[in-house]
Amino acid sequence: MKFTHKGEVSLHVAVQAQQAGNIRLLFCVRDTGVGIPAEQRERLFEPFVRIEAEDGKAIRGAGLGLSISRHLVELMGGTIRVESIPGIGSEFSFQADFALVDETSVPQTEETPTDTTILAGAPLLLVDDDPLNLMIGTEILQKFGCAVVTAEDATQALAALEKQTPALVLLDIEMPGMKGDELTRHLRQDERWKSLPIIALTAHAGSDIRERCLDSGMNDYLAKPFDVAHLQALLLRWLKP
């Protein structure tokens, strides 16, 4: 919005292709803003690059938005593109493939509660050494209504736990220094955290990884990139009213 002083910013989504169980969507964001000079477009998706306004001054901002967007799109198997005319506006677009799910066919397990009110204000600790994972995870958990504290490694996680014991911990397995399963074994030796629900976050869903997580004392695991509905179901299963 900061680049568009008049006119509009619009979002368009269109179906590009569809076959059994899958769909490809095209996302376009268009504005009638200041536009981007050709010589600046090549560096636009690099961290901390900001376009310059007509008066030669850089537009204020963190300079990370487009870099993060490109990273997210590439994780989804797509490519982000930009077309722009200075003084006229810009269009950013990308394609991504999604699985089609029939919601009526998703079973509700008896052991998983469906009352999401227990998530409101629930104190959670999210531990991950990847800043992007922390940002996305925090945003999703906050949309559930949870109160989130983050840590980037075992040392920060222990410091956070000493300040306040959360209702649940989401813990990355592969971290520099002390791994997630090592941290869990350490926590289980302390009476304060013997029964604390700990959910493993792992990019590998193989049986050996699952056994490694559970053997260390973790209660459950969630494969990354995770499904939001699955995450919510896990929280409902392990959080106590």
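In this predicted model, strands E7 and E8 run parallel and are joined by four bridges. Within this pairing, Val169 stands opposite Ile198 in E8. On its other flank, E7 is linked to E5, again in parallel and again through four bridges, and here Leu125 stands opposite Val169 in E7. Val169 is thus a handy residue to follow on screen, with Ile198 in E8 facing it in one pairing and Leu125 facing it in the other.

E7 itself is mostly covered, with five of its five residues buried. Leu168, Leu170 and Asp172 point one way from the strand, while Val169 and Leu171 point the other way. Residues on both faces of E7 are buried, Asp172 included.

These pairings belong to an open sheet of five strands, in the order E6-E5-E7-E8-E9 and with parallel pairing. Strand E6 (147–151) and strand E9 (220–223) form the edges, each pairing on one side only. Neighbouring strands of the sheet are turned against each other by 20° on average, with direction ignored. Towards the E9 edge, strand E8 (residues 198–202) runs parallel to E9 and is joined to it by four bridges. One residue to look for in this part of the sheet is Leu201, whose bridge partner in E9 is Leu222.

Helices also pack on this sheet. Helix H3 (residues 131–143) touches strand E5 (123–127), E6 and strand E7 (168–172), and its direction makes about 165° with that of E6. Helix H4 (residues 154–163) lies across E5, E6 and E7 as well, running at about 165° to E5.

A search of the whole structure for enclosed space finds one cavity of 30 Å³ or more. The volume of the largest cavity is about 40 Å³. Several residues already met in the sheet contribute to its lining, including Leu170, Leu201 and Leu222. Leu126, Gly137, Leu141, Phe226 and Leu231 also line this cavity. By class, the lining divides into seven nonpolar residues, one polar residue and no charged residues. Leu170 therefore brings two descriptions together: this residue of E7 is buried, pointing the same way as Leu168 and Asp172, and lines the largest cavity, where a cavity is a space that a 1.4 Å probe fits but cannot leave.

Open space can be described in a similar way. The largest pocket holds about 980 Å³ of space. Of the 23 residues that line this pocket, Leu72, Met76, Ile136, Pro225 and Phe226 are the closest to its centre. The elements giving two or more residues to the lining are helix H2 (65–75), strand E4 (89–99) and H3. The largest share, eight residues, comes from H3, the helix that also packs on the five-stranded sheet. The pocket lining is made up of 13 nonpolar, three polar and seven charged residues, whereas the lining of the largest cavity has no charged residues. Phe226 appears in both places: this residue lines the largest cavity and is among the residues closest to the centre of the largest pocket.

Elsewhere in the chain, strands E1 and E2 (residues 22–31) pair in the antiparallel sense over 10 bridges. The hairpin they form has two residues between the strands, and Gly21 takes a positive phi near 85° there. Val9 lies in strand E1 (residues 9–19) and stands opposite Asp31 in E2. Besides Asp31, the residues touched by Val9 include Val29 and Arg30, along with Met1 and Thr4, when residues up to four places away in sequence are not counted. The C-alpha atoms of Val9 and Val29 are 7.1 Å apart, although 20 residues separate the two along the chain. Val9 has a relative accessibility of 35% and so counts as partly exposed, in contrast to the buried residues of E7.

Taken as a whole, the protein contains seven helices and nine strands. Of its 241 residues, 36% are buried. Among contacts with a separation of 6 or more, 60% are between residues 24 or more positions apart.

Definitions and conventions: Residues numbered from 1 in each chain as written. Predicted model: local features only at pLDDT ≥ 70, side-chain atom pairs only at ≥ 80, totals over all residues. Heavy atoms only, no water. Buried < 20%, exposed > 50% of the residue type's maximum accessible area, 1.4 Å probe, protein only. Contact = heavy atoms within 4.5 Å. Pairing = 2+ DSSP bridges. Axes fitted to C-alpha atoms, helices over the stretch in contact; angles between N-to-C directions. 1 Å grid on protein atoms, 1.4 Å probe; cavity = no way out; pocket = protein on both sides within 12 Å on 5 of 7 lines; lining within 4 Å. Points joined across faces, edges and corners; volume = space filled by probe spheres on them. Nonpolar A, V, L, I, M, F, W, Y, C, P; charged D, E, K, R; others polar.
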